[in-house]
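Colleague: Got a minute to walk me through this one? I'd like to get a feel for the fold before I go back to the bench.

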Amino acid sequence: MKTVITPEVDMLLVARSSQNQRKAIMNFAPRIGLAVVDYARLDEIDRFYIDCQNFRDYYRDPYSQLHLPIAFKKHYGKCGQRTTDKCIQLFTKPTEWVRERQPVIYPVEYGRQLNLDEGIKLGGLYDVTSCIKYKR
């Protein structure tokens with residue numbers, strides 16, 4: 001069996017060119033002063049995305065030339081434990097409501113009874129001017 005030698009990637013050069021392409025993402029949303037857009041949160045999300053991509057480059061580097069991003073050096077506490085959010089606390093509380101009294105429901109009375117002894121009779125009104133039967 002013949003061994004195939006594959007060239008190894010220089011992750012330092014790849015990471016530098018990738019970082020230049022990723023910086024184009026920063027400030028992608030134009031700051032036109034919309035009240036419904038939280039621009040600080042957008043910047044935070046963009047920085048997190050770039051840190052994740054830098055961590056991906058760091059993880060793929062076979063010679064440890066790249067440094068671990070600063071965001072991944074911080075310890076945020078035990079896994080699964082987050083700071084309590086007030087909105088989540090409000091959603092987990094049982095809902096408060098008042099039981100309304102049941103409305104009075106009367107039985108429905110239908111005007112006709114179905115009588116099949118005579119069979120089913122279909123009746124209709126025919127217009128002499130539009131019916132083909134009268135035109136022949």
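**How the helices pack**

Modeller: Sure. Start with helix 2, whose buried residues pack against helix 1 (11–22). Keep in mind that this is a predicted model.

Colleague: Okay, which residues of helix 2 are buried?

Modeller: Tyr39, Asp43, Asp46, Ile50, Gln53, Asn54 and Asp57. Looking down the axis of helix 2, you'd find these buried residues within an arc of 100°, so they line one face of the helix.

Colleague: Why would residues spaced like that end up pointing the same way?

Modeller: An α-helix has 3.6 residues a turn, so residues three or four places apart point the same way.

Colleague: And what's on the face of helix 2 turned away from its buried side?

Modeller: That face carries the exposed residues Ala40, Phe48 and Tyr59.

Colleague: How many residues does helix 2 have, and how far does it reach?

Modeller: Helix 2 runs over residues 39–60, which is 22 residues. From first C-alpha to last it reaches 32 Å, close to the 32 Å expected at 1.5 Å a residue.

Colleague: Now the partner. Which residues are buried in helix 1?

Modeller: Met11, Ala15, Ser18 and Arg22 are the buried ones in helix 1. They span an arc of only 70° around the axis, which puts them on the same side of helix 1. Helix 2 is included in what covers them.

Colleague: What about the other face of helix 1?

Modeller: Turned away from the buried side of helix 1, you get the exposed residues Leu13 and Asn20. As for its dimensions, helix 1 has 12 residues and reaches 16 Å between its first and last C-alpha, close to the 16 Å expected at 1.5 Å a residue.

Colleague: Back to Asp57 for a second. Is it buried or exposed by the numbers?

Modeller: Asp57 has a relative accessible area of 4%, and the cut-off for buried is under 20%, so Asp57 counts as buried. It's found in helix 2.

Colleague: What does Asp57 touch?

Modeller: Leaving out residues up to four places away in sequence, Asp57 touches Met11, Ala15, Ser18, Arg22 and Leu66. Met11, Ala15, Ser18 and Arg22 are the buried residues of helix 1 we just went through.

Colleague: Switching to the surface: which residues form the nonpolar patch there?

Modeller: Phe48, Phe55, Tyr58, Tyr59 and Phe72 form it, with about 530 Å² of accessible area together. Tyr59 is found in helix 2, and at 67% relative accessibility it counts as exposed.

Colleague: Where is Ser64, and what is its phi?

Modeller: Ser64 is found in the loop between helix 2 and helix 3 (86–92). Its phi is near 55°, a positive value in a residue other than glycine. Most residues other than glycine have a negative phi. Ser64 is also exposed, at 61% relative accessibility.

Colleague: Zooming out, how many helices and strands does the protein have?

Modeller: Four helices and zero strands, so to speak an α-α-α-α pattern along the sequence.

Colleague: And how much of the protein is buried?

Modeller: Buried residues make up 11% of the 136 residues. The protein exposes about 14,300 Å², and carbon and sulfur atoms supply 57% of that.

Colleague: Last one: what share of the contacts is between residues far along the sequence?

Modeller: Among contacts with a separation of 6 or more, 46% come from residues 24 or more positions apart.

Definitions and conventions:
Residues numbered from 1 in each chain as written. Predicted model: local features only at pLDDT ≥ 70, side-chain atom pairs only at ≥ 80, totals over all residues. Heavy atoms only, no water. Helix = DSSP H or I, 4+ residues; strand = E, 2+ residues; numbered from the N terminus. Expected span 1.5 Å × (residues − 1). Buried < 20%, exposed > 50% of the residue type's maximum accessible area, 1.4 Å probe, protein only. Arc of directions from axis to C-beta. Contact = heavy atoms within 4.5 Å. Patch = residues over 30% accessible without salt bridge, like charges linked within 9 Å, V, L, I, M, F, W, Y side chains within 5 Å. Areas by Shrake-Rupley, 256 points an atom, 1.4 Å probe, with all protein chains shown as cover. Salt bridge = Lys/Arg side-chain N within 4 Å of Asp/Glu carboxyl O.
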